[in-house]
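Work through the exercises below with the model open. Try each task before reading its solution.

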Amino acid sequence: MTATMKTTRPVALAATVEPALITGQEVVAGYPNKVVWRGASFSLDRGELVAVIGPNGAGKTTLFRLLLGLQQPISGTIKIFNEAPRRGNPRIGYVPQRHVIDRETNIECLELVHLAYCGHLWGFHLSAKTGRQAARVALEAVGGAELAPKPLNALSGGELQRIFLAEALVSDPAILLLDEPLSNLDIRRAQELVQLVDRVVRSRNVTALLVAHDINPLLPYLNKVVYIANGKVATGTPQEVLTSERLSALYDTHVEVIRDSRGNVAIIGIEDHHGDE
Amino acid sequence: MSWSANVLIDLEQMLQYQFMQHAFEAGTLVAIVAGIVGYFVVLRRSSFAAHALSHIGFAGAAGAVLLGISPVIGLLAFTSVGGVGMTVLGPRASNRDVQIGTVLAFMLGLGVLFISLYTGYATEAYSILFGEILGISATDVLVTAIAALVILFAVAVVYRPLLFASLDEDVAEAKGLHMHMLGIVFMLLVALATSIAVQVVGVLLIFSLMVTPAAIAQRLAKRPWRAVVLSVIISLVATWLGLTVAFYEPYPVSFFITTIVFVLYVLVRFLQPKIKPIRARQTALQVGQMAPSEITA
């Protein structure tokens, strides 16, 4: 890996013309008796690859639940396409954090992707042609055309993540929410998946938010970072957010951002902490 | 009664009897419904729920006998209430075992009370436990037909959302489906299907129609629709074959049905991997425990 690969991409120029796709203003998130994080203001544009990083339990998935309309903010406003988030928005594709795929589920991949296309509709379909075609297109987009007839339980971790990505893409969304897609993958597979997400982001002009533990595999592709820790949220380009000064000021403690010769980043001084309890 | 060399003559002989006609009518309806609902039971890994609901049905039937009304009414009432109760107490499909067990134990306790209060009892309880397909009346067939139609209609309406929710709960929820509502619909389907299937195989042997055929089908078919059809075919064949054999041999119908599906399951379970070596690379994905690294943000 060369040092130049680690430089981050500039924000897409189109961003200055189009209005922001996702905006948040002074958002406070959590539950009635427990604030998870507060004071989040952000603006994400079309065609951006955004990393959502931070320690375990900091509230990364909470951000996704807010965007999906599965949870309401305690205060502040979130807008997607200039509207409040709502459940079942077909313009959002979602890959949840998976744990186990049932070993008995030998349903073929095409069927799962197909269900992501039409599974929310009531009643019977007499012809599944359109849906199957959409599923095939989505599988091709993730380089998984040959996986279509394979049963889900015969896939490797990397293949499975590609199927989940196809599932998210099948409704032709403008936003992708990927919750820890890299967590079960080895370094090489993780790298391949990040490249795939990057390709999808560029070719389809979608905005992808990707939750990850480690920002380093993502750095070469990122437009923005959402850093969630200790009940606070920092957003901006990696150069803006990942500095000792910015994080120290935000967290009111000495935080050090260290970069090694390859451009890898390490953040020191923020420990795992479960929000404002 | 004994077998002749000609199958057609055998069938004709058998179907002369009205109780055999009723048995075939009810058996066919139950096999179709159990094959379909059973597929979702297997897919959602809810066999414990199906098991619990049938036992709860026993308590309901005992209560109905005590009150002097048709056992089917008690079955329907108790399984429906029990099914909804389980879903309300444990909204997520995964990890519902404890709630199911709690409701099961309570309602079986009621069953014990009903039986102790009822003084006549013996054959009724026996037939509920092991099925009484050869004693089915024309009214029973009608009730079964109506229940079967309701189930088929409901499945036709919820087929895709229920399939999606069963396979991929989180994404389905994000797509706007209400998991809780679908969970209740599913439990009511199982409750209804269980109530009518009890007539054929009884409370204790409900799995032979509700779980085993679907489990076999799921191993053989990779597309849900095909698996549903296959599951129905298997439970139909087992029911018809069981009824026919039991007509000529002096052993219970439910014994033959359970044996047929079990033998089929064992055969498929052990022969299929040899026929189709697809699963060579079977991977069990576990929760990825990230190695704690200091160079992570």
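**Exercise 1. Find where H9(B) bends, and check its length and burial.**

Solution. Start with the axis. H9(B) bends by about 30 degrees at Ser195(B). The bend is the angle between axes fitted to the seven residues ending at a residue and the seven starting there. Helices (H or I, at least four residues) and strands (E, at least two) are DSSP runs, numbered from the N terminus.

The model is predicted: local features need pLDDT of at least 70, side-chain atom pairs count only at pLDDT 80 or more, and totals for chains, interfaces and linings use all residues. Residues are numbered from 1 along each chain as its sequence is written, while chains are lettered from A and ligands numbered from 1 in the order in which they are written.

Next, the length. At 1.5 Å a residue, the 23 residues of H9(B) should span 33 Å. The end C-alpha atoms of H9(B) are 31 Å apart, which agrees. The expected span is 1.5 Å times one less than the number of residues.

Then burial. A residue is buried if 20 or more other C-beta atoms lie within 10 Å of its own, exposed if 12 or fewer, and partly exposed in between; C-beta atoms are placed from the backbone. In H9(B), 18 of the 23 residues are buried, so this helix is largely enclosed by the rest of the structure.

Last, the exit. Just after H9(B), Gly202(B) takes a positive phi of about 85 degrees.

**Exercise 2. Repeat the length check for H4(B), then list the helices that its buried residues pack against.**

Solution. H4(B) covers residues 71-89. Its 19 residues should span 27 Å at 1.5 Å a residue, and the end C-alpha atoms are 27 Å apart, which agrees.

Now collect the buried residues of H4(B). Among them are Pro71(B), Leu75(B), Phe78(B), Gly82(B) and Met86(B). An α-helix has 3.6 residues a turn, so residues three or four places apart point the same way.

Finally, the partners. Contact means C-beta atoms, placed from the backbone, within 7 Å. The buried residues of H4(B) pack against H3 (47-67), H5 (97-117), H6 (123-130), H7 (138-167) and H9 (179-201) of chain B.

**Exercise 3. Place strand S6(A): which strands pair with it, and in which sense?**

Solution. Two strands pair if DSSP finds at least two bridges between them. S5(A), residues 92-95, joins S6(A) through 4 bridges, and the two run parallel. Gly93(A) has Leu176(A) as its bridge partner in S6(A). S7(A), residues 207-212, also pairs with S6(A) in the parallel sense, over 5 bridges. There, Ile175(A) is bridged to Thr207(A).

Trace the connection. The chain leaves S6(A), passes through H5(A), residues 187-204, and reaches S7(A) in a right-handed β-α-β crossover. Right-handed means that, with the strands pointing away from the viewer, the path from the first strand over the helix to the second runs clockwise.

Check the faces. Ile175(A), Leu177(A) and Asp179(A) are buried on one side, and Leu176(A) and Leu178(A) on the other. All 5 of the 5 residues are buried, so S6(A) is largely enclosed by the rest of the structure.

**Exercise 4. Classify Leu44(A) and Asn82(A): buried or exposed?**

Solution. Leu44(A) lies in S2(A), residues 34-44. Leu44(A) has 23 C-beta neighbours inside 10 Å, so it counts as buried. Its contacts beyond four places in sequence include Val50(A), Thr207(A) and Lys224(A).

Asn82(A) sits in the loop between S4(A) and S5(A). Asn82(A) has 9 such neighbours inside 10 Å, so it counts as exposed.

Note on methods:
Contact = placed C-beta atoms within 7 Å.
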